[in-house]
Amino acid sequence: MIRINLLPYWERKKEAGFKRQIFFLGGSLGLFVLVILGVFLFFSLTVAGLTKEEEELKKRAELLAKQAGDVEAFKRDKAEVEKKLAVINLLEERRFSAVKFLDELSSLTPVKDVWLDRVRQEANVIQLEGFARDNVAVARLMRNAELTGRFKSVELIISKQTEMEKISVQQFLLRFVLEEKAKPIPDKGI
């Protein structure tokens, strides 16, 4: 039997075109939604990775800041220890200077003619107080001190005659100024 379609063919074509358009529009919309979801997922993962990396960098920065603080504390401690070592080295260097000076002073002093009563130092000035048999013994002490080259000047401040146990002696006060190149005695009083 023969079938006859009484519907015009263009309506079928139109209906098929319309279905095709809806199919392509729906597929395009679905593809667009998939692409948007993919981009969203990509950016979400990227942001999550960057957030994790930022946290790790913050932790590392805190650790480095702590280490930098430790380094600064170490530098301060090192500087303090170096200062202390410098003082110790200076003390070690000058350890025997007072003894050497007194030994030198002993060798300058005429043995049975001069008695030293007091030796004082302030900065680079040394004062000697004592007694001598006469002015000649005091002059010998001054000349011996000048000949050492250790003193810039040797001055007689006071020389007066006094009696000590019924014996007439010269009481004197001498002032020695240390030469610039000479090391001062570390202690104020000897």
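In the next few minutes I will walk through three places in this structure, which is a predicted model.

Let me begin with the aromatic residues, where a search of the whole structure finds three pairs. One of them joins phenylalanine 151 and phenylalanine 176, whose rings lie 4.7 Å apart from centre to centre, with 50° between their planes, so that the pair counts as tilted. Phenylalanine 151 belongs to strand S3, which covers residues 151–164, while phenylalanine 176 belongs to strand S4, covering residues 167–178, and the pair therefore ties together parts that are 25 residues apart in sequence. Are these two rings buried or exposed? Phenylalanine 151 has a relative accessible area of 6% and is buried, and phenylalanine 176, at 0% relative accessibility, is buried as well.

From there I turn to glutamate 129, which sits in strand S2, a strand made of residues 125–132. The side chain of glutamate 129 makes a polar contact of 2.9 Å with the side chain of arginine 120. If we leave aside residues up to four places away in sequence, glutamate 129 touches Leu116, Asp117, Arg118, Arg120, Phe172 and Leu173.

My last stop is on the surface, where Leu29, Phe32, Val33, Leu34, Ile36 and Leu37 form a nonpolar patch whose accessible area comes to about 600 Å² together. Valine 33, one of the residues in that patch, is placed in helix H1, which runs over residues 9–93. Its relative accessibility is 40%, and because partly exposed covers the range between under 20% and over 50%, valine 33 counts as partly exposed.

Notes
Residues are numbered from 1 along each chain as its sequence is written. This is a predicted model: local features need pLDDT of at least 70, side-chain atom pairs count only at pLDDT 80 or more; totals for chains, interfaces and linings use all residues. Side-chain values use heavy atoms; hydrogens and water are left out. Helices (H or I, at least four residues) and strands (E, at least two) are DSSP runs, numbered from the N terminus. A polar contact is a pair of N or O atoms within 3.5 Å; within protein, one must be able to donate a hydrogen and the other to accept it, and residues adjacent in sequence count only if both atoms are side-chain atoms. Contact means heavy atoms within 4.5 Å. Patches are made of residues with over 30% relative accessible area and no salt bridge: like charges are joined within 9 Å, nonpolar side chains (Val, Leu, Ile, Met, Phe, Trp, Tyr) within 5 Å. Accessible areas come from the Shrake-Rupley method with a 1.4 Å probe; for residues, only the protein chains shown count as cover. A salt bridge is a side-chain nitrogen of Lys or Arg within 4 Å of a carboxyl oxygen of Asp or Glu. Buried means under 20% relative accessible area, exposed over 50%, partly exposed in between (1.4 Å probe, protein chains only). Rings of Phe, Tyr and Trp (its six-membered ring) pair if their centres lie within 6.5 Å; planes under 30 degrees apart count as stacked, over 60 as edge-to-face and the rest as tilted.
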